[in-house]
Amino acid sequence: MTLVYGIGYWLCKLAAAVLFRYKIIHPERMVERGGVVLAVNHTSYLDPPLVGICSRRDVYFLARKTLLEWPILGPLFPNMNTIPVDRDGVAGGMALRAVIQKIRRGNAVVLFPEGARSRDGTLHLARPGIGLIVAKTLCPVLPMRIFGANRALPFGRKTPYPTRITTVVGEVMHFSLEDVQPANVETYRRISQRVMDAINDIRLSQEGRIRTM
């Protein structure tokens, strides 16, 4: 970890524990070595750091390029493993290539199959991006689901509510060459939706509520 990432990591762990009584269910399932996609539902700006502190190693994140223009935090983002992305197709393609490169080098990358935050907290259909990345790398995918972040910092709100948040780590998914053929958009969509379905299948059981990291 870089110094900036390490400081941010521990500050986020402290803030999550104090503000949100943050729990991680099945932390033993985290993939701590090799290239992997951490696939997560997306309902809040809190999601990236909440996923990041689930892992003992540093992870990479996609971030809108405009975030680099924020005062104070903006200049720090390049040292916090962010991969900048624009909304236009060319820059988006560059970001995908950067993600593929990071995974091939043995890193973990956080991705949101839905592509954007859910306004109402419900899970939406997946976009084909993760499917393309899996097809190009055959990397494992770890589905994860965050519960409560949409209540702590809902869409349109700038300051968080101090409410409980829990992340449940699912079972790692593996893909074969047969899974990623033929190499076309429909295949990528099918793979992405398979990942999204795995996220949707994750439940916060009564037993799970008492298990912590």
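How many helices and strands are there in the chain? The count is 6 helices and 7 strands, and bear in mind as we go that this is a predicted model. If you follow the sequence from its start, the elements come in the pattern α-β-β-α-β-β-α-β-α-β-α-β-α. Of the 213 residues in the chain, 47% are buried. Take the contacts between residues at least 6 apart in sequence, and 72% of them join residues at least 24 apart.

Let's start with helix 1, which takes in residues 3-20. Its 18 residues should span 26 Å at 1.5 Å a residue, and the C-alpha atoms at its ends are 25 Å apart, so expectation and model agree. Which residues of helix 1 are buried? They are Y5, G6, G8, Y9, K13, A16 and F20. Together they cover an arc of only 165° around the axis, which means they sit on the same side of helix 1. Turn to the other side and you find L3, W10, L11, L14 and V18, which are exposed. As for what lies over the buried residues of helix 1, the cover includes helix 2 (47-52), strand 3 (60-64) and helix 5 (149-152). Right after helix 1 comes R21, with a positive phi near 45°.

Now hop along to strand 7, residues 166-169. Both of its faces are covered: T166 and V168 are buried on one side, and T167 and V169 are buried on the other. What are the partners of this strand? Strand 1 runs parallel to strand 7, and 3 bridges join the two; here K23 stands opposite T166. Strand 6, residues 141-147, runs antiparallel to strand 7 and is joined to it by 4 bridges. In that pairing, I146 stands opposite T167.

T167 deserves a second look. Buried or exposed, which is T167? Its relative accessibility is 0%, so it counts as buried, since the cut-off for buried is under 20%. Setting aside neighbours within four places in sequence, T167 is in contact with Y22, K23, I24, I25, C54, M144, R145 and I146.

Past strand 7 the chain enters the loop that leads to helix 6, and that is where you find G170. With 6% relative accessibility, G170 counts as buried too. Which residues does G170 touch, leaving aside its neighbours within four places in sequence? They are R29, L142, P143, M144 and I202. The C-alpha atom of G170 is also separated by 9.4 Å from that of P27, although their positions lie 143 residues apart along the chain.

The same loop brings us to the salt bridges, of which the count is 2. In one, the side chains of E171 and R29 meet, with 3.1 Å from N to O. This pair links distant parts of the chain, 142 residues apart: E171 is in the loop between strand 7 and helix 6, while R29 is in the loop between strand 1 (23-25) and strand 2 (36-40). E171 has 52% relative accessibility and so counts as exposed, whereas R29, at 25%, is partly exposed.

The other pair is R194 and D179, whose closest N and O atoms are 3.9 Å apart. Because R194 lies in helix 6 and D179 in the loop between strand 7 and helix 6, this salt bridge ties together parts that are 15 residues apart in sequence. R194 is partly exposed at 37% relative accessibility, and D179 is partly exposed as well, with a relative accessible area of 21%.

That leaves helix 6 itself, residues 185-200. N184 caps its N-terminal end, where a side-chain oxygen lies 3.2 Å from the backbone nitrogen of E186. The 16 residues of helix 6 should span 22 Å at 1.5 Å a residue, and its end C-alpha atoms are 22 Å apart, so the two agree. Its buried residues are T187, Y188, I191, S192, V195, M196, A198 and I199. What covers them? The cover includes strand 2, helix 4 (129-137) and strand 6, and strand 6 is also a partner of strand 7, where we were earlier.

Key: Residues numbered from 1 in each chain as written. Predicted model: local features only at pLDDT ≥ 70, side-chain atom pairs only at ≥ 80, totals over all residues. Heavy atoms only, no water. Expected span 1.5 Å × (residues − 1). Buried < 20%, exposed > 50% of the residue type's maximum accessible area, 1.4 Å probe, protein only. Arc of directions from axis to C-beta. Contact = heavy atoms within 4.5 Å. Salt bridge = Lys/Arg side-chain N within 4 Å of Asp/Glu carboxyl O. Pairing = 2+ DSSP bridges. Polar contact = N/O pair within 3.5 Å; in protein donor to acceptor, adjacent residues only side chain to side chain.
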